[in-house]
Amino acid sequence: MTADLFETVGDARPPRETMAEGAVVLRGFARPFEAALIPALGDIVKQAPFRHLITPGGHRMSVAMTNCGSLGWVSDSSGYRCDGIDPNSGAPWPPMPSVLCRLAAGAATEGGYAGFTAEACLINRYVSGAKLSLHQDKDELDFAAPIVSVSLGLPAIFLFGGLKRSDPTRRYRLEHGDVVVWGGPSRLAFHGVAPLADGEHGLLGRQRINLTFRKVRPGAAGR
Ligand code: MD3
Ligand code: FE
């Protein structure tokens, strides 16, 4: 009776959900960080503006990217690689702000990977229509460590497949503040992002920002 007055109508989303062996979604985990996170991202983007990479096949990616931390993800006609220097400025990538380190470490701990220290953070920006085709993140870094991904701004449909490109994909809606911790076998799964639907987000406007935190392969830093 009275209790009904106080019941909220369905946040139907469980706070955590296992997507695959080693992959867990932590719904809203980044929300307590957003007040510090959004200005910190603004600072990074001032030093290292978003740019559209050209794939080795010569296509301009619809997603714009930048990086912070000791290594960044870059691409040109010679292929994809990690580099400590922003090729657009000739300077090192902006350092990782402490709020990003704390968020990544906290999420990793919550996802079962205590002791994760994020060293590199790829920042992807999606506007209406931007997408990421199905791919594997194979080239990188330390496969024993998890990847932590943080979704901010407009919601996106994340596509999660199997170990073969032809495996069926499942769709997950990732909203502002959702964090996914990817470890174990899920690290090699094909994944992508469906074309972003237009919309307006209260804090970030007409875009989605995704942060991907990785640990650098031992010995790779500074090369
Ligand atoms: C699953 N980014 O940058 S984040 C990427 O939303 C990338 O911007 C997407 O895929 C985005 O490479 C997805 C989630 C993610 C990141 C890395 C993964 C999922 C992953 C690596 C292996 C398996
Ligand atoms: Fe990826």
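**Entry 1: the iron site.** I began with the iron ion (ligand 2), whose donors follow the spacing H-x1-D-x53-H along the chain. I kept in mind that this is a predicted model. Next I looked up which protein atoms are the donors: H135 (NE2), D137 (OD), D137 (OD) and H191 (NE2), lying 2.1 to 2.8 Å from the iron ion. I then checked the angles. The six donor atoms around the iron ion subtend angles of 50 to 178°, so the arrangement is irregular.

**Entry 2: where D137 and H191 sit.** I found D137 in the loop between β7 (132–135) and β8 (147–153), and H191 in strand β12 (residues 191–193), so this pair ties together parts 54 residues apart in sequence. Are D137 and H191 buried or exposed? I found that both are buried.

**Entry 3: T66.** I moved on to strand β3 (residues 64–69), which holds T66. T66 counts as buried because its relative accessibility is 1%, and the cut-off for buried is under 20%. I saw that the T66 side chain reaches the backbone oxygen of A48 at 2.7 Å. Leaving aside neighbours within four places in sequence, T66 contacts several residues, including V45, F50, W93 and I123.

**Entry 4: the nonpolar cores.** I reminded myself that nonpolar side chains tend to be buried together in soluble globular proteins. Here the largest nonpolar core has 32 residues, and L41, L100, V148, V150, L211 and F213 touch the most other members. Which element gives the largest share of this core? I found that α3 does, with six residues. I also noted a second, separate core of 23 residues, with V25, V63, L132 and L196 among them.

Technical notes
Residues are numbered from 1 along each chain as its sequence is written. Chains are lettered from A and ligands numbered from 1 in the order in which they are written. This is a predicted model: local features need pLDDT of at least 70, side-chain atom pairs count only at pLDDT 80 or more; totals for chains, interfaces and linings use all residues. Side-chain values use heavy atoms; hydrogens and water are left out. Helices (H or I, at least four residues) and strands (E, at least two) are DSSP runs, numbered from the N terminus. Buried means under 20% relative accessible area, exposed over 50%, partly exposed in between (1.4 Å probe, protein chains only). A polar contact is a pair of N or O atoms within 3.5 Å; within protein, one must be able to donate a hydrogen and the other to accept it, and residues adjacent in sequence count only if both atoms are side-chain atoms. Contact means heavy atoms within 4.5 Å. Donors are N, O and S atoms within 2.8 Å of the metal (3.2 Å for Na, K and Ca); water is not among the atoms, so sites may look incomplete. Four donors count as tetrahedral if all angles lie between 85 and 135 degrees; four count as square planar and six as octahedral if opposite donors are over 155 degrees apart and all others between 65 and 115; anything else is irregular. A nonpolar core is a set of buried Ala, Val, Leu, Ile, Met, Phe, Trp, Tyr and Cys residues joined through side-chain atoms within 4.5 Å.
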